[in-house]
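Colleague: I am new to this structure and would like help in reading a few of its residues. Could you show me the model and then go through them with me?

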Amino acid sequence: MPNITYILADGSKKVIDVPSGTSVMQAAVNNGIEGIVAECGGSAMCATCHVYVAPEWADKLPPINAVEEEMLESVACERTDNSRLSCQLCASPEFEGLVVTLPRTQI
Ligand code: FES
C-alpha cells in the first residue's frame, strides 16, 4: 500500500496510505482532501483532478495517454511539464513516496 503525500494549495501536507489499484484522485476524495473536485468521477472528462507531480516522479509514472493529454489542455490552473490528471494515476507499489501538489483551483 503505497504512501502518497498530497501538498495542498495552502502548503499543508496530508500523507495517505493508498491501496494499490486505487487512483490518486479517488484516494484524495475518500480522505476528504480539499482541492480535488473530480466532477466526472474519474472518467478523464473534467480535468478537475489536476495535480503537479514532484519533478523526480515525472518519468517514473505511466505515460500520459491521448485522452489525458487532451483533457490537460483544459485545466483551470497553468499546465506544466509535471501536470497530470490524478484519476489516471492508479496506485501500485511503485508509487511509494509519490508527492503531488494540488493547484490553487480546479474550476
Ligand atoms: S476526475 Fe474527471 S478528469 Fe479526473
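Modeller: What follows is a short conversation about three residues and how to read them. This is a predicted model, in which local features need pLDDT of at least 70 and side-chain atom pairs count only at pLDDT 80 or more, while totals for chains, interfaces and linings use all residues. Residues are numbered from 1 along each chain as its sequence is written, and side-chain values use heavy atoms, with hydrogens and water left out.

Colleague: Where does Glu-34 lie?

Modeller: Helices (H or I, at least four residues) and strands (E, at least two) are DSSP runs, numbered from the N terminus. Glu-34 sits in the loop that runs between helix 1 (24-30) and strand 3 (50-53).

Colleague: Is Glu-34 buried or exposed?

Modeller: Buried means under 20% relative accessible area, exposed over 50%, and partly exposed in between (1.4 Å probe, protein chains only). With a relative accessible area of 65%, Glu-34 is exposed.

Colleague: Which residues is Glu-34 in contact with, leaving aside its neighbours within four places in sequence?

Modeller: Contact means heavy atoms within 4.5 Å, and with those neighbours set aside Glu-34 is in contact with Leu-8 and Leu-102. The C-alpha atoms of Glu-34 and Ala-9 are separated by 9.1 Å, although these residues are 25 residues apart along the chain.

Colleague: What is the phi of Ala-44, and what is that of Ala-47?

Modeller: For Ala-44, phi is near 60°, a positive value in a residue other than glycine, and for Ala-47 phi is near 65°, again positive. Ala-44 is in the loop between helix 1 and strand 3, where Ala-47 lies too. Ala-44 counts as buried at 7% relative accessibility, and Ala-47 is buried with a relative accessible area of 3%.
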